[in-house]
Amino acid sequence: MTTVDIPAGWPATEEEARAVQDALRARVVLDEPGPPPGTGRVTGVDVAYDDERDVVAAAAVVLDAASLDVVAEATAVGRISFPYVPGLLAFREIPTVLAALDALPVPPGLVVCDGYGLAHPRRFGLASHLGVLTGLPTIGVAKNPFTFTYDDPDVPRGSSSPLLAGDEEVGRALRTREGVKPLFVSVGHRTTLATACAHTLALTPRFRLPETTRRADALCRRALQEATGRS
């Protein structure tokens, strides 16, 4: 497990954080197809918090994209680096997530974030932020639609509908299990929405959530328990 300090010069106010988002957003790449689903490696990242003790734990779990077997995993623990502000959650998570990714013994391939990419009020959620900082292809797969609207997709697995900000499509509501509430998929960096949805379906052979998210969620929770001594 890696221990992380808050980086020097890290934004301390909402104004500073939004200025960073504005500066980095222009670097998001949207004209690359991304790696084909079912090939190479795919990595899930997730975080868990203990706000009372000012601790955040991050996990990165690398899967073989074809078999979904675990190839490698790493964790990092640090102080919470930013207060809770909707739309600025990446600033609470990025330092420890980057440390967990850096601790992996293998290249991560495509990174799947439990959150948002372009489906974000400022079009720069965690998946986009992480993608720009690392140069890796990233997607966001979220459990709820944030502030956006959508029509309920058809019942069968694989059905989807646009996730809309007014008339702008910022992602897709994607049904990963028949008759079960959809997930909300968006591009992060260096991939397309169609590829992001295809990866999400490839990662959900049995459950609503991607295997990347399920495994990273369990691992970061264990890391937080170890770091705080709480069960």
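These are my notebook entries on three residues I looked up in this structure, which is a predicted model.

**Entry: Thr 228**

I began with Thr 228 and asked which helix holds it. I found Thr 228 in helix 5, which covers residues 211-228. Next I wanted to know whether Thr 228 is buried or exposed. Its relative accessible area came out at 10%, so I noted Thr 228 as buried, the cut-off being under 20%.

Then I turned to the side chain of Thr 228 and looked for a polar partner. One of its polar atoms lies 2.9 Å from the backbone oxygen of Leu 224. I also listed what Thr 228 touches, leaving out residues up to four places away in sequence. My list reads Asp 50, Arg 53 and Val 55.

**Entry: Leu 68**

Here I checked the backbone angle. Leu 68 is not a glycine, yet its phi is positive, at about 65°. Where does Leu 68 sit? I placed Leu 68 in the loop that runs between strand 3 (55-64) and strand 4 (70-78). Despite the loop setting, I wrote Leu 68 down as buried, because its relative accessible area is 11%.

**Entry: Arg 190**

I looked at the phi of Arg 190 as well: it is positive, about 60°, and this residue is not a glycine either. Arg 190 belongs to the loop between strand 9 (183-189) and helix 4 (193-202). How exposed is Arg 190? I got a relative accessible area of 28%, so Arg 190 went into my notes as partly exposed.

Definitions and conventions
Residues numbered from 1 in each chain as written. Predicted model: local features only at pLDDT ≥ 70, side-chain atom pairs only at ≥ 80, totals over all residues. Heavy atoms only, no water. Helix = DSSP H or I, 4+ residues; strand = E, 2+ residues; numbered from the N terminus. Buried < 20%, exposed > 50% of the residue type's maximum accessible area, 1.4 Å probe, protein only. Polar contact = N/O pair within 3.5 Å; in protein donor to acceptor, adjacent residues only side chain to side chain. Contact = heavy atoms within 4.5 Å.
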